[in-house]
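Biologist: Please take a close look at one chain of this model, its overall form and then its contact with its partner. A connected account would suit me better than a list.

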There are 2 protein chains.
Amino acid sequence: MISVVIIGSGNVAQHLISAFVKSETVDVIQVFSRNLDADIKNFEASKITNDFEQLKEADLYIISVTDTAVHAVSNQIPFEKKLVVHTSGSVAISELNEKNKRGVFYPLQTFSKNKSVDFSEIPICIEAENETDYQLLEKVGKSISEKIFNINSEQRKALHVAAVFSCNFVNHLYAIGNKICDENEIPFEILQPLIIETANKIKTLTPVEAQTGPAKRNDTQTINAHLNFLQETTQKEIYKILTKSIIDNGKKL
Amino acid sequence: MISVVIIGSGNVAQHLISAFVKSETVDVIQVFSRNLDADIKNFEASKITNDFEQLKEADLYIISVTDTAVHAVSNQIPFEKKLVVHTSGSVAISELNEKNKRGVFYPLQTFSKNKSVDFSEIPICIEAENETDYQLLEKVGKSISEKIFNINSEQRKALHVAAVFSCNFVNHLYAIGNKICDENEIPFEILQPLIIETANKIKTLTPVEAQTGPAKRNDTQTINAHLNFLQETTQKEIYKILTKSIIDNGKKL
């Protein structure tokens, strides 16, 4: 068994603990939580500490705290030459104190409290400073997920930007669609099957192949009708720039 | 049984025919296809005509052709006072020749050839000029789908704009995410579970409630790091306007 100490008791930490409890490779021997009363599902309260000096020796320390706290927390680990990783998408490996061996163990998914997730489907992005550490992290990752990727800090930065476009911005476009529906007394649920199909399509087609709509067809009549329809300046601007980008993209092919 | 003649043999027409064949309420007695050799699945070749003068009398004529051809095709129907509908999202009911009773029967989904769809989940938007016609269309719709909506031509125009934001533009953001991944040698599949979760989330939360990311948190440090990372002018502009829109939206709440 690989012994692991988890530092943090937030969403990601809790989901990791629940996943590791079912694993036959990993033994979570201790959890650090500032709040000793943290109700950690599937974990014995007696194994929780709020004192860094009480941290046990383990094969791996996983820091799962707010991005801005990763550096300070890594300074407080009272060991040297141990393997210490964080779980953040936007923090470089170099933010970890170099007295220990450093790595990243980043599960790419949105975690919500009280909503269990199927960890086996969640991609885990791993980074380490040497091959031995990488192999250990890979073993830990494979004990809970089928999808392990070797992603360095530069790539993780790019991945984060790509995720903002493909998820955060996408959700905002849903919000605009929702608003237009509300203003015209159309139930937003009419669009939901199409939204799901749009997301599912890119499992088998590239997004460029899957592109449809008036911009793709360069259908200026419909585009102008839509621009006339839109009254809000920001919505109009978003419509224009995304239409331009789709048309320009088509020309490049 | 309600007798139906379908005019057209494209994707939507073919999917409708396949769905109606299984229905116990609707009998597709004839299909009009310019090309008599059109291979229409689940439909007898002998019931296909390419001559408008040979059209049979029926309770309902469904015109399922390219948007720009709807008007001309409706002129060629050799009957009067029959119920004639089209299946287009962006054509007004008034485009149909007024010698007949007019309506719209618009299934809102992307149809691909050779990919069967579960019609029961597809929303069908119905419009008619009187209650009797509406009820007939509703009966026809309910024979293949559980989701029937009363949507007039003005609403359908708004719905089309909302669909462009929530589906066509969304797909383009996937394309940008894909491009950023490719340029950084990251497999795009890493993002797919997150993309699916983002689409699924809005079944239970409104998109405004589901919003996450640096813009939502007004995290200017991350936003600036991302803008520095992006090199393409159009990508930068899209990032800026969507970030601004998310921040402005937050202020309104």
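Modeller: This is a predicted model, and chain A has a radius of gyration of 23 Å, where a compact globule of 253 residues would have one near 18 Å. Along the principal axes, the C-alpha atoms of chain A fill a box of roughly 70 × 40 × 30 Å. The secondary structure within that box consists of eight helices and eight strands. Of the contacts in chain A with a separation of 6 or more, 52% join residues 24 or more positions apart.

Burial comes next. Of the 253 residues in chain A, 55% are buried, where buried means under 20% relative accessible area with the protein chains as cover. The accessible surface of chain A is about 11,600 Å², and carbon and sulfur atoms account for 45% of that surface. As for charge, chain A has 27 positive and 32 negative charges, and the mean positions of the two sets lie 4 Å apart.

The partner is chain B. Chain A and chain B each bring 83 residues to the contact. Between them about 7,700 Å² is buried, a figure summed over both sides, and carbon and sulfur atoms give 72% of that area. On the chain A side, A:F165, A:F169 and A:I190 lose the most area to chain B. Together these three residues make up 9% of what the chain A side buries.

Key. Residues are numbered from 1 along each chain as its sequence is written. Chains are lettered from A and ligands numbered from 1 in the order in which they are written. This is a predicted model: local features need pLDDT of at least 70, side-chain atom pairs count only at pLDDT 80 or more; totals for chains, interfaces and linings use all residues. Side-chain values use heavy atoms; hydrogens and water are left out. Helices (H or I, at least four residues) and strands (E, at least two) are DSSP runs, numbered from the N terminus. The radius of gyration is taken over C-alpha atoms; the globule rule is 2.2 Å times the number of residues to the power 0.38. Buried means under 20% relative accessible area, exposed over 50%, partly exposed in between (1.4 Å probe, protein chains only). Contact means heavy atoms within 4.5 Å. Accessible areas come from the Shrake-Rupley method with a 1.4 Å probe; for residues, only the protein chains shown count as cover. Lys and Arg count as positive and Asp and Glu as negative; His and the chain ends are not counted. The place of a charge is taken as NZ of Lys, CZ of Arg, CG of Asp or CD of Glu. Buried area is the accessible area (1.4 Å probe) that two parts lose on being put together, summed over both.
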